[in-house]
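The following note sets out points for a colleague reviewing the model shown below. It proceeds from a single residue to its surroundings and then to the chain as a whole.

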Amino acid sequence: MKKCILPLICAVLALSLVACNSEPDNALWQQYKNAEDPSVLFTDIGVDETVLLDDSGYIVTLQEASPVELKSDRKSGFVFDVTLQKNSTVDVIFKFTEIAVNGITIPMKYHGYTATAHSILGNNQHPGTIILEYEDLAKYGISTVENVSCVLEVYELIIVDQQKVEEED
């Protein structure tokens, strides 16, 4: 009996691996793969400036969404500009997770940024972005973005001065 179960389990695992590697089966994905300019397959997004979070220590504002060409070949998509305004001296890290477009969770490569007490801009405004790549949208058959939701994780950033730690030891 054990000799029959082991090959059956191996066959099921092999089939599941093949199924995981298969390409999406939707018309948009097929069009995307064959398109010279994939951007024509997607409806532009219009976003009003919206406050996402207004806490005593910081304000996170969604500024706009626009199409963008990314550096690598055929990588392009929509970029949501997000600004963090700090009203405290606490250093924080923001991370956007569980990003869903039209109710479909999409794995994202670019979705967070770090905001610290000393801004490059010389003020408390810290820019960041959320990028929705056309490729990811096409894989899930999304040509029109109707709504985007996400979880915004906020962590306190603790910076350790290594020289000071060595002196204390």
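**Notes on the predicted model**

1. F80 is located in strand β3. The model is a predicted one, and the points below should be read accordingly. F80 has a relative accessible area of 6% and is therefore buried, since the cut-off for burial is under 20%.

2. Which residues does F80 touch, not counting those up to four places away in sequence? The contacts are I45, V47, L62, E64, A65, G128, T129, I130, L132 and V148. With respect to S66, F80 is 14 residues away in sequence, and the C-alpha to C-alpha distance is 6.8 Å.

3. F80 also belongs to the largest nonpolar core, which has 27 residues. F80 is listed there among the residues with the most contacts inside the core, together with F42, V101, L132, L137 and V145. At least two core residues come from each of α2, β2 (58-69), β3 (76-86), β4 (92-101), β7 (125-133) and α3. Strand β4 gives the most, with 5 residues.

4. V101 is another of the core residues with the most contacts. Leaving aside residues up to four places away in sequence, V101 touches I106, L132, L137, I142, V145, N147 and V148. L132 and V148 are also on the contact list of F80.

5. How many aromatic pairs does a search of the whole structure find? The search returns 3. In one of them, W29 and Y32 have ring centres 5.6 Å apart and planes at 20 degrees; the pair counts as stacked because stacking requires planes under 30 degrees apart. Both residues lie in helix α2 (residues 27-34), separated by 3 residues, or about one turn of the helix. W29 is buried at a relative accessible area of 7%, and Y32 is likewise buried at 4%.

6. A further stacked pair is formed by F42 and Y134, with 4.6 Å from centre to centre and 5 degrees between the planes. This pair links distant parts of the chain, the two residues being 92 apart. F42 sits in the loop between α2 and β1 (50-54), whereas Y134 is in helix α3 (residues 134-139). Relative accessibility is 6% for F42, which counts as buried; Y134 is buried too, with a relative accessible area of 2%. Ring pairs join F42 and Y134 with F78 into a cluster.

7. Strands β1 and β2 pair in the antiparallel sense, over 4 bridges. They are joined by a hairpin through 3 residues. As one of the bridge partnerships, D54 is matched with I59 in β2.

8. For the chain as a whole, the secondary structure comprises 4 helices and 8 strands. Read from the N terminus, the order of elements is α-α-β-β-β-β-β-β-β-α-β-α. Of the 169 residues in the chain, 30% are buried. Among contacts with a separation of 6 or more, 65% are between residues 24 or more positions apart. The exposed area of the chain is about 11200 Å², of which carbon and sulfur atoms supply 54%.

Notes
Residues numbered from 1 in each chain as written. Predicted model: local features only at pLDDT ≥ 70, side-chain atom pairs only at ≥ 80, totals over all residues. Heavy atoms only, no water. Buried < 20%, exposed > 50% of the residue type's maximum accessible area, 1.4 Å probe, protein only. Contact = heavy atoms within 4.5 Å. Areas by Shrake-Rupley, 256 points an atom, 1.4 Å probe, with all protein chains shown as cover. Phe/Tyr/Trp six-rings, centres within 6.5 Å; stacked < 30°, edge-to-face > 60°. Core = buried A, V, L, I, M, F, W, Y, C linked by side-chain atoms within 4.5 Å. Pairing = 2+ DSSP bridges.
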